[in-house]
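Here is a short report for a reader who is new to this structure. Please look over the sequence and the model, then read on.

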Amino acid sequence: MSTTYDALRLENQLCFPLYAASREVIKKYHPYLDALDLTYTQYITMMVFWEEKKISAKDLGKKLYLDSGTLTPVLKSLEAKGLITRRRSTEDERVLMTEITEKGEALKEQAAHVPQQVAGCTNLSAEDAQRLYHLLYQVLDSLKRD
């Protein structure tokens with residue numbers, strides 16, 4: 001028998017298993033990232049730098065789905081560690097440009113094993129993991145349009 005309040009039951013929320021699964025997966029990264037002296041947010045930020053090398057803070061935030069209030073402390077911390085540099089664009093000083101350093105690039109070698117170490121934590125088949133990946137990006141894309 002359903003009630004007016006069934007929608008408020010935790011077990012009926014799509015957001016809850018997404019939230020809880022995200023937290024649990026991120027926990028699995030901790031031992032590997034601690035060895036690199038990175039938080040998870042710093043790690044995913046460095047992943048963009050390893051790929052892009054140089055990117056505006058605004059574009060970096062878009063890629064990572066992070067607002068400037070969250071991204072700014074991450075960038076400051078990575079800069080303090082000598083992994084990136086931040087500077088104003090010479091063409092438009094409103095634009096903050098960020099760039100990986102040699103030290104940041106060298107960290108890539110140490111981090112190369114992390115995805116493989118964490119990959120098995122979910123016990124999903126490769127096919128299920130790929131399906132989940134696509135479904136999650138479908139959710140992100142639909143929410144991004146709002």
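## A residue in helix α5

Ala106 sits in helix α5. In this predicted model, its relative accessible area is 45%, so Ala106 is partly exposed. Partly exposed covers the range between buried, under 20%, and exposed, over 50%.

How far apart are Ala106 and Gln130 in sequence and in space? They are 24 residues apart along the sequence. From C-alpha to C-alpha, the distance between Ala106 and Gln130 is 29 Å.

## The largest nonpolar core

The largest nonpolar core has 26 residues. Leu38, Tyr43, Met46, Phe49 and Leu60 touch the most other members. Several elements supply at least two residues each: α1, α2, α3, α4 (68–80), β3 (96–100), α5 (102–111) and α6. The largest share comes from α2, which gives six residues. As a general rule, nonpolar side chains in soluble globular proteins tend to be buried together.

Phe49 shows what such a core member touches. Leaving out residues up to four places away in sequence, Phe49 touches Ile55, Leu60, Leu75 and Ile84. Thr98, Glu99 and Ile100 are also on the list for Phe49.

## Thr98 and Ser56

Thr98 lies in strand β3. Is Thr98 buried or exposed? Its relative accessible area is 1%, so Thr98 is buried. The side chain of Thr98 reaches the backbone oxygen of Ile55 at 2.6 Å. Beyond its neighbours within four places in sequence, Thr98 is in contact with Phe49, Lys53, Lys54, Ile55 and Ser56. Leu60, Leu75, Thr85 and Arg86 are also in contact with Thr98.

Ser56 belongs to strand β1, residues 54–56. Ser56 counts as buried because its relative accessibility is 9%, and the cut-off for buried is under 20%. The side chain of Ser56 reaches the backbone nitrogen of Asp59 at 3.0 Å. Not counting residues up to four places away in sequence, Ser56 touches Val95, Leu96, Met97 and Thr98.

## Two loop residues with positive phi

Lys53 is placed in the loop between α2 and β1. Phi of Lys53 is near 70°, a positive value in a residue other than glycine. Lys53 has a relative accessible area of 32%, so this residue is partly exposed.

Asn123 is found in the loop between α6 and α7. Asn123 is not a glycine either, yet its phi is positive, about 60°. Is Asn123 buried or exposed? With 71% relative accessibility, Asn123 counts as exposed.

## The largest pocket

How much space lies in the largest pocket? The volume is about 1,800 Å³. The lining of this pocket is made up of 36 residues. Closest to the centre are Val25, Tyr40, Tyr133, Leu136 and Tyr137. The elements that give two or more residues to the lining are α1 (15–36), α2 (40–52), α3 (57–64), α6 (114–119) and α7 (126–144).

What kinds of residue form the lining of the largest pocket? It divides into 26 nonpolar, four polar and six charged residues. Among the elements that supply the lining are α1, α2, α3 and α6, and these elements also each supply at least two residues of the largest nonpolar core.

Definitions and conventions. Residues are numbered from 1 along each chain as its sequence is written. This is a predicted model: local features need pLDDT of at least 70, side-chain atom pairs count only at pLDDT 80 or more; totals for chains, interfaces and linings use all residues. Side-chain values use heavy atoms; hydrogens and water are left out. On a 1 Å grid over the protein atoms alone, a cavity is a set of points where a 1.4 Å probe fits but cannot get out, and a pocket is an open set with protein on both sides within 12 Å along at least five of seven lines; lining residues have an atom within 4 Å of a point. Grid points are joined across faces, edges and corners, and a volume is the space filled by probe spheres set on the points. Helices (H or I, at least four residues) and strands (E, at least two) are DSSP runs, numbered from the N terminus. Ala, Val, Leu, Ile, Met, Phe, Trp, Tyr, Cys and Pro count as nonpolar, Asp, Glu, Lys and Arg as charged, and the others, Gly among them, as polar. A nonpolar core is a set of buried Ala, Val, Leu, Ile, Met, Phe, Trp, Tyr and Cys residues joined through side-chain atoms within 4.5 Å. Buried means under 20% relative accessible area, exposed over 50%, partly exposed in between (1.4 Å probe, protein chains only). Contact means heavy atoms within 4.5 Å. A polar contact is a pair of N or O atoms within 3.5 Å; within protein, one must be able to donate a hydrogen and the other to accept it, and residues adjacent in sequence count only if both atoms are side-chain atoms.
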